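Here are my notes on the model you sent over, point by point. Have it open on your screen while you read.

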Amino acid sequence: MKLKISRREFMKISGAAAAGLMLSNIADTNNNHTPVAHAKGAVNYAGRQIPLLYEADICVVGGGPAGVAAAYTAGKKGASAVIIEKGITLGGLQTMGNVIPCMTTWAPDSDTDYVREVKKRLGQYGIAYDDHNEKSEVGIWTNPEVMSLIYDELCQEAKVEILYNTTLVDTIMKDDSISVCIVQTIAGLMAVKAKTFIDCSGDAILARSAKIPCECGFEKTGKNQPMSFRFEMGGIDIDRVYQYVTLELGDDFCPTKPPHYEFAEARHRTKQYILEQFMVDGIKSGELTEADAEYMQAFTIVGKPGHVSMNCPELPLEFSASDPLTYSRGVRAGRQMIHRLSQYFIKHMPGFENAYLAKEASMLGARESWRIKGKFYMTEDDYHNQSRFPDAVARTAWFIDAHGEKVSEKLPKGAYYEIPYRALITNEVPNLIVAGRCISASFILQASMRIQLTCMSIGEAAGIAAAWGIKNRIPANSIRWEEIPENLRSYVSR
Ligand SMILES: Cc1cc2nc3c(=O)[nH]c(=O)nc-3n(C[C@H](O)[C@H](O)[C@H](O)COP(=O)(O)OP(=O)(O)OC[C@H]3O[C@@H](n4cnc5c(N)ncnc54)[C@H](O)[C@@H]3O)c2cc1C
(Lines give C-alpha, C1' and ligand atoms only; values in the text may rest on other atoms or scores of the structure.)
Protein backbone atom coordinates (compact mmCIF):
# COMPACT_ATOMS: atom_id res chain seq x y z
CA MET A 1 0.00 0.00 0.00
CA LYS A 2 1.37 3.39 -1.00
CA LEU A 3 1.60 5.74 1.96
CA LYS A 4 1.90 9.47 1.79
CA ILE A 5 3.19 9.46 5.34
CA SER A 6 5.34 6.71 6.77
CA ARG A 7 4.62 4.98 10.04
CA ARG A 8 7.81 6.38 11.48
CA GLU A 9 6.74 9.90 10.48
CA PHE A 10 3.31 9.37 11.99
CA MET A 11 4.84 8.16 15.24
CA LYS A 12 7.02 11.22 15.29
CA ILE A 13 4.01 13.48 14.72
CA SER A 14 1.76 11.81 17.27
CA GLY A 15 4.58 11.73 19.79
CA ALA A 16 5.11 15.41 19.26
CA ALA A 17 1.37 16.03 19.54
CA ALA A 18 1.31 14.28 22.88
CA ALA A 19 4.03 16.63 24.01
CA GLY A 20 1.88 19.56 22.94
CA LEU A 21 4.16 20.44 20.06
CA MET A 22 2.17 19.24 17.07
CA LEU A 23 1.11 22.74 16.15
CA SER A 24 4.01 25.01 15.60
CA ASN A 25 1.53 27.88 15.73
CA ILE A 26 0.11 27.16 19.17
CA ALA A 27 1.03 30.14 21.26
CA ASP A 28 1.77 30.52 24.94
CA THR A 29 -0.57 28.29 26.95
CA ASN A 30 -1.13 31.06 29.49
CA ASN A 31 -2.75 33.34 26.95
CA ASN A 32 -4.55 35.98 29.04
CA HIS A 33 -6.61 37.33 26.17
CA THR A 34 -9.00 34.45 25.93
CA PRO A 35 -12.49 35.00 27.35
CA VAL A 36 -12.96 31.27 27.99
CA ALA A 37 -11.72 30.12 31.37
CA HIS A 38 -10.68 26.62 30.31
CA ALA A 39 -9.04 27.54 26.99
CA LYS A 40 -5.62 25.93 26.64
CA GLY A 41 -3.56 28.35 24.63
CA ALA A 42 -4.08 29.76 21.19
CA VAL A 43 -3.64 28.95 17.53
CA ASN A 44 -2.56 31.24 14.75
CA TYR A 45 -5.33 31.30 12.15
CA ALA A 46 -5.45 33.76 9.25
CA GLY A 47 -3.20 36.15 11.14
CA ARG A 48 -5.30 36.00 14.32
CA GLN A 49 -4.72 34.32 17.67
CA ILE A 50 -7.63 31.89 18.12
CA PRO A 51 -8.12 30.35 21.60
CA LEU A 52 -7.58 26.60 21.75
CA LEU A 53 -10.77 25.34 23.37
CA TYR A 54 -10.24 21.60 23.48
CA GLU A 55 -7.75 18.81 22.78
CA ALA A 56 -8.64 15.14 22.42
CA ASP A 57 -7.34 12.00 20.77
CA ILE A 58 -10.27 12.03 18.36
CA CYS A 59 -12.38 14.90 17.08
CA VAL A 60 -15.70 13.97 15.47
CA VAL A 61 -17.36 16.63 13.33
CA GLY A 62 -21.14 16.16 13.33
CA GLY A 63 -23.17 14.37 16.00
CA GLY A 64 -25.68 12.52 13.80
CA PRO A 65 -26.29 8.75 13.91
CA ALA A 66 -22.77 8.12 12.53
CA GLY A 67 -21.01 10.73 14.67
CA VAL A 68 -22.43 9.59 18.02
CA ALA A 69 -21.60 5.98 17.16
CA ALA A 70 -18.03 6.97 16.29
CA ALA A 71 -17.38 9.10 19.38
CA TYR A 72 -19.10 6.72 21.81
CA THR A 73 -17.22 3.71 20.48
CA ALA A 74 -13.88 5.50 20.47
CA GLY A 75 -14.54 6.58 24.06
CA LYS A 76 -15.42 3.06 25.12
CA LYS A 77 -12.18 1.84 23.52
CA GLY A 78 -10.23 4.17 25.77
CA ALA A 79 -9.61 7.16 23.51
CA SER A 80 -10.63 10.67 24.47
CA ALA A 81 -13.18 12.05 22.02
CA VAL A 82 -14.95 15.33 21.36
CA ILE A 83 -17.95 15.97 19.12
CA ILE A 84 -18.39 19.27 17.29
CA GLU A 85 -22.13 19.70 16.66
CA LYS A 86 -23.80 22.77 15.23
CA GLY A 87 -27.19 21.99 16.81
CA ILE A 88 -28.05 21.59 20.47
CA THR A 89 -29.02 17.96 20.25
CA LEU A 90 -27.26 14.87 18.98
CA GLY A 91 -28.91 12.66 16.38
CA GLY A 92 -28.64 14.85 13.28
CA LEU A 93 -31.41 14.12 10.81
CA GLN A 94 -32.85 11.52 13.19
CA THR A 95 -33.70 14.09 15.86
CA MET A 96 -33.40 17.58 14.36
CA GLY A 97 -34.63 16.40 10.97
CA ASN A 98 -37.54 14.42 12.52
CA VAL A 99 -36.45 11.23 10.70
CA ILE A 100 -37.91 9.04 13.42
CA PRO A 101 -37.98 5.61 11.74
CA CYS A 102 -34.74 3.70 11.31
CA MET A 103 -35.37 1.59 8.26
CA THR A 104 -34.43 -2.06 8.47
CA THR A 105 -31.26 -3.00 6.62
CA TRP A 106 -33.04 -6.14 5.30
CA ALA A 107 -29.63 -7.83 5.76
CA PRO A 108 -29.58 -10.80 8.15
CA ASP A 109 -27.55 -10.29 11.36
CA SER A 110 -26.55 -6.74 10.39
CA ASP A 111 -26.87 -5.34 13.92
CA THR A 112 -23.47 -4.40 15.32
CA ASP A 113 -22.82 -3.95 19.06
CA TYR A 114 -23.60 -0.23 18.96
CA VAL A 115 -26.92 -0.76 17.17
CA ARG A 116 -27.84 -3.40 19.75
CA GLU A 117 -26.96 -0.94 22.52
CA VAL A 118 -29.20 1.78 21.02
CA LYS A 119 -32.06 -0.68 20.65
CA LYS A 120 -31.59 -1.86 24.24
CA ARG A 121 -31.72 1.70 25.55
CA LEU A 122 -34.83 2.52 23.54
CA GLY A 123 -36.43 -0.54 25.11
CA GLN A 124 -35.45 0.71 28.57
CA TYR A 125 -37.25 3.99 27.82
CA GLY A 126 -40.36 2.10 26.81
CA ILE A 127 -39.93 2.71 23.10
CA ALA A 128 -40.72 -0.60 21.44
CA TYR A 129 -37.97 -0.99 18.92
CA ASP A 130 -38.88 -4.08 16.99
CA ASP A 131 -42.30 -5.32 16.12
CA HIS A 132 -40.87 -8.47 14.53
CA ASN A 133 -43.04 -7.95 11.48
CA GLU A 134 -40.98 -9.32 8.63
CA LYS A 135 -42.80 -7.24 6.05
CA SER A 136 -42.27 -3.94 7.86
CA GLU A 137 -39.65 -1.67 6.36
CA VAL A 138 -39.12 0.01 9.73
CA GLY A 139 -36.36 -1.51 11.88
CA ILE A 140 -36.76 0.82 14.87
CA TRP A 141 -39.59 3.22 15.64
CA THR A 142 -37.95 6.03 17.59
CA ASN A 143 -38.92 9.25 19.28
CA PRO A 144 -36.68 12.31 18.79
CA GLU A 145 -36.73 13.56 22.38
CA VAL A 146 -35.90 10.11 23.76
CA MET A 147 -33.13 9.63 21.18
CA SER A 148 -31.56 12.98 22.18
CA LEU A 149 -31.55 11.90 25.82
CA ILE A 150 -30.07 8.48 25.02
CA TYR A 151 -27.30 10.04 22.92
CA ASP A 152 -26.38 12.45 25.73
CA GLU A 153 -26.27 9.52 28.14
CA LEU A 154 -24.13 7.40 25.84
CA CYS A 155 -21.63 10.22 25.43
CA GLN A 156 -21.53 10.89 29.14
CA GLU A 157 -20.83 7.22 29.84
CA ALA A 158 -18.03 7.08 27.27
CA LYS A 159 -16.63 10.39 28.60
CA VAL A 160 -17.17 12.08 25.25
CA GLU A 161 -17.14 15.88 25.37
CA ILE A 162 -19.92 17.43 23.25
CA LEU A 163 -19.45 20.95 21.94
CA TYR A 164 -23.00 22.08 21.15
CA ASN A 165 -23.87 25.10 19.04
CA THR A 166 -20.40 24.76 17.58
CA THR A 167 -19.87 24.78 13.83
CA LEU A 168 -16.79 23.68 11.94
CA VAL A 169 -15.64 26.54 9.74
CA ASP A 170 -12.12 25.59 8.67
CA THR A 171 -9.13 23.38 9.33
CA ILE A 172 -5.44 23.98 9.80
CA MET A 173 -3.26 21.43 8.06
CA LYS A 174 0.19 20.35 9.17
CA ASP A 175 1.92 18.73 6.23
CA ASP A 176 -0.75 16.40 4.81
CA SER A 177 -2.60 15.94 8.11
CA ILE A 178 -5.38 17.88 9.78
CA SER A 179 -4.05 19.36 12.99
CA VAL A 180 -6.77 21.76 14.15
CA CYS A 181 -10.46 22.45 13.52
CA ILE A 182 -11.49 26.07 13.61
CA VAL A 183 -14.99 26.27 15.03
CA GLN A 184 -17.60 28.97 15.57
CA THR A 185 -18.74 28.76 19.19
CA ILE A 186 -20.96 30.87 21.42
CA ALA A 187 -17.76 32.65 22.48
CA GLY A 188 -16.57 33.28 18.92
CA LEU A 189 -13.97 31.49 16.80
CA MET A 190 -12.04 28.81 18.68
CA ALA A 191 -9.78 25.86 17.90
CA VAL A 192 -10.08 22.13 18.59
CA LYS A 193 -7.03 19.93 18.29
CA ALA A 194 -6.87 16.15 17.87
CA LYS A 195 -4.72 13.34 16.55
CA THR A 196 -7.41 11.77 14.36
CA PHE A 197 -10.47 13.47 12.88
CA ILE A 198 -13.73 11.80 11.83
CA ASP A 199 -16.01 13.59 9.41
CA CYS A 200 -19.62 12.70 10.23
CA SER A 201 -21.08 15.97 9.00
CA GLY A 202 -23.22 14.32 6.32
CA ASP A 203 -21.94 17.00 3.94
CA ALA A 204 -18.24 16.00 4.06
CA ILE A 205 -17.54 19.53 5.28
CA LEU A 206 -14.37 18.55 7.15
CA ALA A 207 -13.07 16.49 4.23
CA ARG A 208 -13.78 19.33 1.81
CA SER A 209 -11.99 21.83 4.01
CA ALA A 210 -9.00 19.45 3.95
CA LYS A 211 -9.23 19.50 0.11
CA ILE A 212 -10.37 15.90 -0.30
CA PRO A 213 -11.88 15.35 -3.76
CA CYS A 214 -15.66 15.01 -3.50
CA GLU A 215 -18.66 14.34 -5.69
CA CYS A 216 -21.99 16.08 -5.34
CA GLY A 217 -25.31 15.08 -6.90
CA PHE A 218 -26.17 12.62 -9.65
CA GLU A 219 -23.46 12.39 -12.30
CA LYS A 220 -26.12 12.37 -15.04
CA THR A 221 -28.00 15.52 -13.95
CA GLY A 222 -25.74 17.26 -11.44
CA LYS A 223 -28.75 17.44 -9.10
CA ASN A 224 -28.79 16.30 -5.49
CA GLN A 225 -31.55 14.08 -4.21
CA PRO A 226 -34.60 16.20 -3.29
CA MET A 227 -34.73 17.53 0.26
CA SER A 228 -37.73 17.19 2.54
CA PHE A 229 -38.85 19.55 5.30
CA ARG A 230 -40.36 17.14 7.79
CA PHE A 231 -42.92 18.13 10.40
CA GLU A 232 -44.91 16.63 13.24
CA MET A 233 -48.66 16.77 13.81
CA GLY A 234 -50.46 16.09 17.10
CA GLY A 235 -54.05 15.69 18.29
CA ILE A 236 -54.75 12.87 15.82
CA ASP A 237 -57.10 9.95 16.38
CA ILE A 238 -54.68 7.36 14.97
CA ASP A 239 -57.15 4.48 15.30
CA ARG A 240 -59.64 6.42 13.20
CA VAL A 241 -56.96 7.03 10.52
CA TYR A 242 -56.15 3.31 10.51
CA GLN A 243 -59.85 2.49 10.27
CA TYR A 244 -60.26 4.83 7.30
CA VAL A 245 -57.04 4.24 5.34
CA THR A 246 -56.43 0.55 5.95
CA LEU A 247 -59.87 -0.87 6.58
CA GLU A 248 -62.23 1.39 4.61
CA LEU A 249 -59.99 2.33 1.66
CA GLY A 250 -58.27 -1.08 1.74
CA ASP A 251 -54.74 0.36 1.68
CA ASP A 252 -52.36 -2.53 2.41
CA PHE A 253 -49.21 -0.36 2.38
CA CYS A 254 -48.52 -0.68 6.10
CA PRO A 255 -48.15 -4.27 7.36
CA THR A 256 -48.36 -3.24 11.03
CA LYS A 257 -51.06 -1.75 13.23
CA PRO A 258 -51.10 1.26 15.56
CA PRO A 259 -49.07 2.21 17.55
CA HIS A 260 -46.64 1.23 14.74
CA TYR A 261 -48.46 2.65 11.76
CA GLU A 262 -47.60 4.51 8.57
CA PHE A 263 -49.39 5.70 5.47
CA ALA A 264 -47.89 7.06 2.28
CA GLU A 265 -48.22 8.19 -1.30
CA ALA A 266 -45.54 8.85 -3.95
CA ARG A 267 -46.65 10.03 -7.37
CA HIS A 268 -43.25 9.53 -9.04
CA ARG A 269 -43.16 5.82 -8.27
CA THR A 270 -44.49 3.15 -10.59
CA LYS A 271 -46.51 1.69 -7.73
CA GLN A 272 -49.97 3.26 -7.53
CA TYR A 273 -50.74 4.27 -3.94
CA ILE A 274 -54.33 4.20 -2.70
CA LEU A 275 -53.90 7.64 -1.12
CA GLU A 276 -52.87 9.24 -4.42
CA GLN A 277 -56.49 10.13 -5.15
CA PHE A 278 -56.77 11.82 -1.74
CA MET A 279 -53.83 14.07 -2.63
CA VAL A 280 -54.94 14.66 -6.23
CA ASP A 281 -58.31 15.85 -4.92
CA GLY A 282 -56.40 18.55 -3.06
CA ILE A 283 -54.73 19.70 -6.28
CA LYS A 284 -58.11 19.79 -8.02
CA SER A 285 -59.66 21.86 -5.24
CA GLY A 286 -56.72 24.29 -5.26
CA GLU A 287 -55.80 23.50 -1.66
CA LEU A 288 -52.56 21.73 -2.64
CA THR A 289 -50.00 22.31 -5.38
CA GLU A 290 -48.56 19.56 -7.60
CA ALA A 291 -45.34 19.76 -5.56
CA ASP A 292 -47.25 19.38 -2.27
CA ALA A 293 -48.79 16.14 -3.51
CA GLU A 294 -45.63 14.65 -5.02
CA TYR A 295 -44.68 12.60 -1.94
CA MET A 296 -46.43 12.14 1.37
CA GLN A 297 -45.62 9.77 4.20
CA ALA A 298 -46.54 9.69 7.87
CA PHE A 299 -45.21 7.56 10.72
CA THR A 300 -46.62 7.27 14.22
CA ILE A 301 -44.18 8.23 16.97
CA VAL A 302 -43.91 5.68 19.75
CA GLY A 303 -44.31 7.39 23.13
CA LYS A 304 -46.28 10.27 21.61
CA PRO A 305 -49.87 9.06 21.26
CA GLY A 306 -51.81 11.06 18.68
CA HIS A 307 -48.66 12.31 16.94
CA VAL A 308 -47.29 11.49 13.51
CA SER A 309 -44.00 12.47 11.91
CA MET A 310 -44.61 13.56 8.32
CA ASN A 311 -41.88 12.62 5.83
CA CYS A 312 -42.85 15.52 3.59
CA PRO A 313 -43.13 17.97 1.92
CA GLU A 314 -40.55 16.92 -0.64
CA LEU A 315 -39.07 20.09 -2.06
CA PRO A 316 -38.81 20.58 -5.84
CA LEU A 317 -35.30 20.04 -7.23
CA GLU A 318 -34.77 23.78 -7.78
CA PHE A 319 -34.01 23.86 -4.05
CA SER A 320 -30.60 22.25 -3.66
CA ALA A 321 -28.90 20.55 -0.72
CA SER A 322 -25.58 21.97 -1.90
CA ASP A 323 -26.45 25.56 -2.84
CA PRO A 324 -26.74 27.96 0.12
CA LEU A 325 -29.13 30.31 -1.66
CA THR A 326 -31.69 27.85 -2.99
CA TYR A 327 -31.33 25.76 0.19
CA SER A 328 -32.44 28.79 2.19
CA ARG A 329 -35.24 29.61 -0.22
CA GLY A 330 -36.29 25.97 0.13
CA VAL A 331 -36.85 26.52 3.85
CA ARG A 332 -39.35 29.31 3.12
CA ALA A 333 -41.08 27.38 0.33
CA GLY A 334 -41.16 24.22 2.46
CA ARG A 335 -42.72 26.05 5.39
CA GLN A 336 -45.58 27.21 3.15
CA MET A 337 -45.98 23.63 1.90
CA ILE A 338 -46.14 22.37 5.50
CA HIS A 339 -48.96 24.77 6.27
CA ARG A 340 -50.94 23.79 3.17
CA LEU A 341 -50.46 20.09 3.85
CA SER A 342 -51.36 20.26 7.55
CA GLN A 343 -54.49 22.33 6.83
CA TYR A 344 -55.52 19.90 4.10
CA PHE A 345 -55.17 16.90 6.41
CA ILE A 346 -57.07 18.63 9.23
CA LYS A 347 -59.91 19.43 6.84
CA HIS A 348 -60.16 16.20 4.89
CA MET A 349 -58.49 13.18 6.52
CA PRO A 350 -60.72 11.28 8.96
CA GLY A 351 -58.99 11.21 12.36
CA PHE A 352 -57.32 14.60 11.84
CA GLU A 353 -60.37 16.71 12.83
CA ASN A 354 -58.72 18.00 16.05
CA ALA A 355 -55.14 17.80 14.80
CA TYR A 356 -52.60 20.62 14.82
CA LEU A 357 -49.14 21.32 13.51
CA ALA A 358 -46.96 20.33 16.49
CA LYS A 359 -43.46 21.12 15.25
CA GLU A 360 -41.38 21.58 12.15
CA ALA A 361 -37.94 20.00 11.81
CA SER A 362 -35.03 22.17 12.89
CA MET A 363 -32.84 20.68 10.18
CA LEU A 364 -33.78 20.49 6.51
CA GLY A 365 -33.81 16.90 5.28
CA ALA A 366 -30.88 16.58 2.87
CA ARG A 367 -30.73 13.00 1.65
CA GLU A 368 -27.50 13.50 -0.25
CA SER A 369 -25.04 16.33 -0.85
CA TRP A 370 -21.24 15.86 -1.03
CA ARG A 371 -19.60 12.42 -0.93
CA ILE A 372 -15.84 11.87 -0.65
CA LYS A 373 -13.82 10.04 -3.26
CA GLY A 374 -11.87 7.74 -1.01
CA LYS A 375 -9.53 4.78 -1.42
CA PHE A 376 -12.46 2.64 -2.53
CA TYR A 377 -15.43 4.01 -4.47
CA MET A 378 -18.66 2.05 -4.09
CA THR A 379 -21.05 1.83 -7.02
CA GLU A 380 -24.44 0.41 -7.88
CA ASP A 381 -22.68 -2.80 -8.99
CA ASP A 382 -21.74 -3.47 -5.37
CA TYR A 383 -25.45 -3.55 -4.54
CA HIS A 384 -26.45 -5.87 -7.39
CA ASN A 385 -23.34 -8.09 -7.08
CA GLN A 386 -23.75 -8.34 -3.30
CA SER A 387 -20.08 -7.43 -2.94
CA ARG A 388 -18.00 -8.79 -0.10
CA PHE A 389 -14.75 -7.26 1.20
CA PRO A 390 -12.06 -8.53 3.59
CA ASP A 391 -12.09 -5.08 5.24
CA ALA A 392 -15.91 -4.88 5.45
CA VAL A 393 -17.21 -2.76 8.36
CA ALA A 394 -20.96 -3.32 7.85
CA ARG A 395 -23.54 -5.11 5.74
CA THR A 396 -26.79 -3.77 4.39
CA ALA A 397 -29.47 -4.55 1.83
CA TRP A 398 -31.80 -1.53 1.94
CA PHE A 399 -32.95 -0.94 -1.62
CA ILE A 400 -31.70 1.91 -3.80
CA ASP A 401 -34.06 4.77 -3.01
CA ALA A 402 -32.90 7.75 -5.07
CA HIS A 403 -36.07 9.82 -5.05
CA GLY A 404 -37.14 10.81 -8.54
CA GLU A 405 -34.21 8.99 -10.19
CA LYS A 406 -34.11 5.34 -9.34
CA VAL A 407 -35.86 2.93 -7.01
CA SER A 408 -34.37 -0.55 -7.29
CA GLU A 409 -35.82 -3.96 -6.68
CA LYS A 410 -35.08 -5.36 -3.24
CA LEU A 411 -32.28 -7.93 -3.09
CA PRO A 412 -33.49 -11.52 -2.59
CA LYS A 413 -34.24 -12.51 1.01
CA GLY A 414 -31.01 -13.06 2.95
CA ALA A 415 -28.84 -11.25 0.39
CA TYR A 416 -26.71 -8.20 1.23
CA TYR A 417 -23.61 -6.26 0.25
CA GLU A 418 -20.77 -5.07 2.43
CA ILE A 419 -19.13 -1.67 2.97
CA PRO A 420 -15.31 -1.70 3.01
CA TYR A 421 -13.21 0.38 5.43
CA ARG A 422 -11.42 1.77 2.38
CA ALA A 423 -14.60 3.71 1.50
CA LEU A 424 -14.09 5.63 4.76
CA ILE A 425 -10.51 6.76 4.18
CA THR A 426 -8.66 8.86 1.65
CA ASN A 427 -5.35 8.76 -0.17
CA GLU A 428 -4.67 12.39 0.70
CA VAL A 429 -5.07 12.89 4.46
CA PRO A 430 -3.55 10.26 6.80
CA ASN A 431 -5.48 11.18 9.96
CA LEU A 432 -9.00 11.50 8.48
CA ILE A 433 -11.86 8.99 8.55
CA VAL A 434 -15.26 9.74 7.03
CA ALA A 435 -18.43 8.03 8.25
CA GLY A 436 -22.17 8.18 7.60
CA ARG A 437 -23.95 9.28 4.45
CA CYS A 438 -20.94 11.07 2.92
CA ILE A 439 -18.57 8.09 2.52
CA SER A 440 -17.02 7.22 -0.83
CA ALA A 441 -19.96 6.02 -2.90
CA SER A 442 -21.75 6.92 -6.10
CA PHE A 443 -25.02 8.84 -6.00
CA ILE A 444 -27.00 5.65 -6.66
CA LEU A 445 -25.18 3.43 -4.14
CA GLN A 446 -25.42 6.15 -1.48
CA ALA A 447 -29.19 6.01 -1.94
CA SER A 448 -29.05 2.51 -0.42
CA MET A 449 -26.34 2.79 2.27
CA ARG A 450 -27.60 6.07 3.76
CA ILE A 451 -30.18 4.56 6.15
CA GLN A 452 -29.57 5.27 9.81
CA LEU A 453 -28.73 1.79 11.13
CA THR A 454 -26.07 1.41 8.44
CA CYS A 455 -24.70 4.89 9.16
CA MET A 456 -24.49 3.92 12.85
CA SER A 457 -22.53 0.75 12.07
CA ILE A 458 -20.16 2.68 9.80
CA GLY A 459 -19.65 5.31 12.52
CA GLU A 460 -18.98 2.59 15.08
CA ALA A 461 -16.28 1.10 12.85
CA ALA A 462 -14.73 4.56 12.37
CA GLY A 463 -14.52 4.95 16.15
CA ILE A 464 -12.89 1.53 16.57
CA ALA A 465 -10.38 2.21 13.80
CA ALA A 466 -9.51 5.67 15.12
CA ALA A 467 -8.90 4.40 18.66
CA TRP A 468 -6.95 1.38 17.37
CA GLY A 469 -4.80 3.55 15.12
CA ILE A 470 -3.91 5.94 17.92
CA LYS A 471 -3.09 3.12 20.33
CA ASN A 472 -0.93 1.35 17.75
CA ARG A 473 0.40 4.51 16.13
CA ILE A 474 -0.96 3.71 12.69
CA PRO A 475 -2.35 6.55 10.57
CA ALA A 476 -6.08 6.10 10.00
CA ASN A 477 -5.69 5.78 6.24
CA SER A 478 -3.07 3.00 6.63
CA ILE A 479 -5.13 0.86 8.96
CA ARG A 480 -6.13 -2.49 7.52
CA TRP A 481 -9.45 -3.20 9.20
CA GLU A 482 -8.98 -6.93 8.68
CA GLU A 483 -5.76 -6.78 10.74
CA ILE A 484 -7.51 -5.41 13.82
CA PRO A 485 -8.06 -8.41 16.14
CA GLU A 486 -11.47 -9.93 15.49
CA ASN A 487 -12.64 -9.48 19.07
CA LEU A 488 -12.09 -5.73 18.77
CA ARG A 489 -13.94 -5.34 15.48
CA SER A 490 -17.65 -4.52 15.30
CA TYR A 491 -18.00 -6.46 12.06
CA VAL A 492 -16.10 -9.34 10.52
CA SER A 493 -16.72 -10.42 6.94
CA ARG A 494 -17.56 -14.15 6.74
C1 LIG B 1 -36.13 13.41 4.44
C2 LIG B 1 -35.33 12.22 4.84
C3 LIG B 1 -35.97 11.03 5.17
C4 LIG B 1 -35.22 9.92 5.56
N5 LIG B 1 -35.88 8.80 5.96
C6 LIG B 1 -35.18 7.78 6.52
C7 LIG B 1 -35.86 6.70 7.14
O8 LIG B 1 -37.08 6.63 7.13
N9 LIG B 1 -35.10 5.75 7.75
C10 LIG B 1 -33.73 5.78 7.77
O11 LIG B 1 -33.11 4.89 8.35
N12 LIG B 1 -33.07 6.80 7.18
C13 LIG B 1 -33.77 7.80 6.58
N14 LIG B 1 -33.10 8.88 6.03
C15 LIG B 1 -31.61 8.85 5.95
C16 LIG B 1 -30.92 9.17 7.25
O17 LIG B 1 -31.70 10.00 8.06
C18 LIG B 1 -29.57 9.84 7.00
O19 LIG B 1 -28.92 9.32 5.89
C20 LIG B 1 -28.71 9.67 8.25
O21 LIG B 1 -29.28 10.41 9.31
C22 LIG B 1 -27.29 10.12 8.00
O23 LIG B 1 -26.59 10.11 9.21
P24 LIG B 1 -25.23 10.92 9.35
O25 LIG B 1 -24.80 10.77 10.76
O26 LIG B 1 -24.32 10.52 8.25
O27 LIG B 1 -25.61 12.44 9.01
P28 LIG B 1 -26.69 13.44 9.58
O29 LIG B 1 -27.84 12.75 10.19
O30 LIG B 1 -26.96 14.38 8.45
O31 LIG B 1 -25.92 14.20 10.74
C32 LIG B 1 -24.90 15.12 10.46
C33 LIG B 1 -24.64 15.97 11.68
O34 LIG B 1 -23.55 16.84 11.42
C35 LIG B 1 -23.84 18.13 11.90
N36 LIG B 1 -23.06 19.10 11.12
C37 LIG B 1 -23.10 19.32 9.79
N38 LIG B 1 -22.22 20.29 9.44
C39 LIG B 1 -21.61 20.67 10.58
C40 LIG B 1 -20.61 21.64 10.88
N41 LIG B 1 -20.07 22.40 9.93
N42 LIG B 1 -20.23 21.78 12.16
C43 LIG B 1 -20.78 21.04 13.15
N44 LIG B 1 -21.73 20.11 12.92
C45 LIG B 1 -22.14 19.93 11.65
C46 LIG B 1 -25.34 18.25 11.70
O47 LIG B 1 -25.91 19.25 12.53
C48 LIG B 1 -25.81 16.85 12.07
O49 LIG B 1 -26.05 16.71 13.44
C50 LIG B 1 -33.80 10.01 5.61
C51 LIG B 1 -33.17 11.19 5.27
C52 LIG B 1 -33.91 12.28 4.89
C53 LIG B 1 -33.20 13.56 4.57
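1. Let's start with the domains. This is a predicted model, and the domain assignment splits the chain into domain 1, made of 7-217 plus 370-488, and domain 2, covering 231-360. Taken over C-alpha atoms, the centres of domain 1 and domain 2 are 31 Å apart.

2. Now for where the two domains meet. On one side, 19 residues of domain 1 make contact with 15 residues of domain 2. The domain 1 side of that meeting is made up of nine nonpolar, eight polar and two charged residues.

3. What about the chain overall? Its secondary structure amounts to twelve helices and 21 strands. Along the principal axes, the C-alpha atoms fill a box of roughly 70 × 50 × 45 Å. The radius of gyration is 23 Å, which agrees with the value near 23 Å that a compact globule of 494 residues would have.

4. A word on packing. Of the 494 residues in the chain, 55% are buried. If you take the contacts with a separation of 6 or more, 73% of them are between residues 24 or more positions apart.

5. Next, the ligand. Which residues come nearest to the ligand? Out of the 38 residues around it, they are Gly62, Gly64, Gly92, Gly202 and Gly436. Two or more residues of the shell come from each of helix 2 (65-76), strand 4 (101-103), strand 7 (167-174) and helix 12 (452-472). Sorted by class, the shell around the ligand holds 15 nonpolar, 16 polar and seven charged residues.

6. Strand 3 (residues 81-84) deserves a look of its own. Side chains in a regular strand alternate between the two faces of the sheet. Here Ala81 and Ile83 point one way, Val82 and Ile84 point the other way, and all are buried.

7. Which strands pair with strand 3? Strand 2 (residues 48-61) does, in the parallel sense and over four bridges, and Val82 is the bridge partner of Cys59 in that pairing. Strand 6 (residues 161-163) also runs parallel to strand 3, joined to it by three bridges. In this second pairing, Ile84 has Leu163 as its bridge partner. To follow both pairings on screen, then, start from Val82 for the Cys59 bridge and from Ile84 for the Leu163 bridge.

8. Moving along the chain, Gly91 sits in the loop between strand 3 and strand 4. Is Gly91 buried or exposed? Gly91 counts as buried because it has 26 C-beta neighbours inside 10 Å, and the cut-off for buried is 20 or more. Leaving aside residues up to four places away in sequence, Gly91 touches Gly64, Pro65, Met96, Pro144, Met147, Ser148 and Tyr151. One of these, Tyr151, is 60 residues from Gly91 in sequence, yet their C-alpha atoms are 7.2 Å apart in space. Another contact of Gly91, Gly64, is listed among the residues that come nearest to the ligand.

9. Finally, Lys211, which is found in the loop between helix 5 (205-209) and strand 10 (214-216). Lys211 has 13 C-beta neighbours inside 10 Å, so it counts as partly exposed. Lys211 and Tyr164 are 47 residues apart in sequence, and 25 Å lie between their C-alpha atoms.

Technical notes. Residues numbered from 1 in each chain as written. Predicted model: local features only at pLDDT ≥ 70, side-chain atom pairs only at ≥ 80, totals over all residues. Near = placed C-beta within 6 Å. Nonpolar A, V, L, I, M, F, W, Y, C, P; charged D, E, K, R; others polar. Rg over C-alpha atoms; globule rule 2.2 N^0.38 Å. Buried ≥ 20, exposed ≤ 12 C-beta atoms within 10 Å, placed from the backbone. Contact = placed C-beta atoms within 7 Å. Pairing = 2+ DSSP bridges. Domains from an automatic or database assignment.
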